[in-house]
Amino acid sequence: MAGSWFPQWQKKSAISDNGVIAPDETLPFGQTMVMGLQHAVAMFGATVLMPLLMGLDPNLAILVSGIGTLLFFVVTGGRVPSYLGSSAAFVGVIIAVTGFNGQGLNPQLGLALGGVIACGLLYSLIGAIVMKVGTGWIERLMPPVVTGAVVMAIGLNLAPIAVHSVAASSFDSWVAVMTVLCIGLVAVFTRGLVQRLLILVGLIIACALYALLTNGLGLGKPVDFSLVAAAPWFGVPHTTTPQFDWQAIVMIAPVAVILVAENLGHLKAVAGMTGRNLDPWMGRAFVGDGLATMISGAIGGSGVTTYAENIGVMAVTKVYSTLAFVAAAVIALVLGFSPKFGALIHTIPGPVIGGASIVVFGLIAVAGARIWVQNQVDFNQNGNLIMVATTLVLGAGDFALKIGSFTLGGIGTATFGAILLHALLRKRGMMLEKARNAL
């Protein structure tokens, strides 16, 4: 870790079909910005959807995602390729605290924001401990078999959101299938830069086909650009002042544990893909994510987390340059201050976004499996089998537990269930092994 805070990025002249762009390498400016645009597209669905579920301003969510990503980049010294966006782990607890009915902006959002700030503070403190004593204690609690299960459970937990978003009609379902096929065809039958931009290019093709089917042939709801034309180019997103309510803080702050598990799993996935040891930067990654969550909560945004969606993009593009995420963050900052962009969000057909989400959320689940494969997790051990099986069903089924007025959603039960089951079954297995050895 000696040397300058930031690496010396080596310039690559272009993307080759099978080439890998490492975190400390960079493409020409134009290609970097295009890769940044694809990362912005990848984070877009969840970063906008989660605020809508909680009653936040989507433009503000986009803005704070850019701010948080830049802060994360600085704190980690530009060594960890990650994008920070709205975390799904906050949806259940914020709705529970505020009683939000799902329509418009959340009038009681301020009650939850104090808890979001407290969560970010706790998260940052965990990161500071990791920076001081290392990651050993976290890895004992959450080894690869656990982190892989949690990451896969998150992808499976998000899957119904994508599927239900395209289930309104048969036409919507077929548009989602068309979108998946567009992305798949781009992934398989193109090469070079176009293949690296498979999600963005597939999305554009799907939108064009949707417009042809609806505006041209009248088969569905046509694309309406009137809101875009009427919206101003520049405007400040809606902000909310936080309130510090102890009940809300007690309910929301423990989400930090879920964020640690998410981030740890994401970092392990990135480390496996890049062949880089990211353990020395894990504490900084936690601190950067925690500080970004505090800033987001201070101005009216939800907590943020490193995005598995963007890890999925890296998995298929093999471009891991951290400067691509700087480009994505700058794009997010510009878009966050543009109401016209906010209006443009609503012109993208829902079935097209749903189809892209099916692919991206699936890539999240696959990232969990990648962790198992690369760490050679032994599924001949019954303890691993039981823990993983239970975790995946808890996450995919969105199994919730109520503790008084507090509700722990599917991601939370999967995360804590994985940690507790692994600790219990591992301890029991070790005791039996010692007993057999004694005989």
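**Exercise 1. Helix α14 and the residue after it**

Task: Find the residue that follows α14 and state the sign of its phi.

Solution. Step 1: the residue after α14 is Lys-318, and its phi is positive, near 60 degrees. Helices here are DSSP runs of H or I with at least four residues, strands are runs of E with at least two, and both are numbered from the N terminus. The model is predicted, so local features need pLDDT of at least 70 and side-chain atom pairs count only at pLDDT 80 or more, while totals for chains, interfaces and linings use all residues. Residues are numbered from 1 along each chain as its sequence is written, and side-chain values use heavy atoms, with hydrogens and water left out.

Step 2: turn to the helix itself. α14 spans residues 308–317 and is mostly covered, with eight of its 10 residues buried. Buried means under 20% relative accessible area, exposed means over 50%, and partly exposed lies in between (1.4 Å probe, protein chains only).

Step 3: list the buried residues. They are Ala-308, Glu-309, Asn-310, Ile-311, Gly-312, Val-313, Met-314 and Thr-317.

**Exercise 2. Positive phi in loops**

Task: Locate Gln-376 and Asp-398, and give the accessibility class of Gln-376 and of Asp-398.

Solution. Step 1: recall the background. Most residues other than glycine have a negative phi.

Step 2: Gln-376 is not a glycine, yet its phi is positive, about 50 degrees. Gln-376 sits in the loop between α17 (350–374) and α18 (382–396). Its relative accessibility is 69%, so Gln-376 counts as exposed.

Step 3: Asp-398 also has a positive phi, near 50 degrees, in a residue other than glycine. The loop between α18 and β5 (401–403) holds Asp-398. Its relative accessibility is 46%, so Asp-398 counts as partly exposed.

**Exercise 3. Salt bridges**

Task: How many salt bridges does the structure hold, and which parts of the chain does the pair Arg-276 and Asp-24 tie together?

Solution. Step 1: apply the criterion. A salt bridge needs a side-chain nitrogen of Lys or Arg within 4 Å of a carboxyl oxygen of Asp or Glu. The structure holds two.

Step 2: one salt bridge joins the side chains of Arg-276 and Asp-24, at 3.1 Å from N to O. Arg-276 is in the loop between α12 (255–274) and α13 (282–299), and Asp-24 is in the loop between β1 (10–11) and β2 (25–26), so the pair ties together parts 252 residues apart in sequence. Arg-276 is partly exposed at 33% relative accessibility, and Asp-24 is partly exposed at 23%.

Step 3: Lys-268 and Asp-279 also meet in a salt bridge, at 3.3 Å from N to O. Lys-268 belongs to helix α12 and Asp-279 to the loop between α12 and α13, so this pair ties together parts 11 residues apart in sequence. Lys-268 is partly exposed at 22% relative accessibility, and Asp-279 is partly exposed with a relative accessible area of 26%.

**Exercise 4. Aromatic pairs and charges over rings**

Task: Classify the ring pair of Phe-6 and Trp-9, and say which charged residue sits over the ring of Trp-5.

Solution. Step 1: count the pairs. Rings of Phe, Tyr and Trp (its six-membered ring) pair if their centres lie within 6.5 Å; planes under 30 degrees apart are stacked, over 60 edge-to-face, and the rest tilted. The structure holds seven aromatic pairs.

Step 2: the ring centres of Phe-6 and Trp-9 are 6.3 Å apart and their planes stand at 35 degrees, so the pair is tilted. Phe-6 is partly exposed at 29% relative accessible area, as is Trp-9 at 23% relative accessibility.

Step 3: Phe-234 and Phe-337 form a stacked pair, 5.9 Å centre to centre with 20 degrees between the planes. This pair links distant parts of the chain, 103 residues apart: Phe-234 lies in the loop between α10 (226–230) and α11 (246–252), and Phe-337 in the loop between α15 (322–336) and α16 (339–345). Phe-234 is exposed at 60%, whereas Phe-337 is partly exposed at 31%.

Step 4: ring pairs also link Phe-6, Trp-9 and Phe-73 into a cluster.

Step 5: check for charges over rings. The test is NZ of Lys or CZ of Arg within 6 Å of the ring centre and within 35 degrees of the ring normal. The charged end of Arg-284 sits over the ring of Trp-5, 3.8 Å from its centre. The charged end of Lys-340 sits over the ring of Trp-233, 4.9 Å from its centre.
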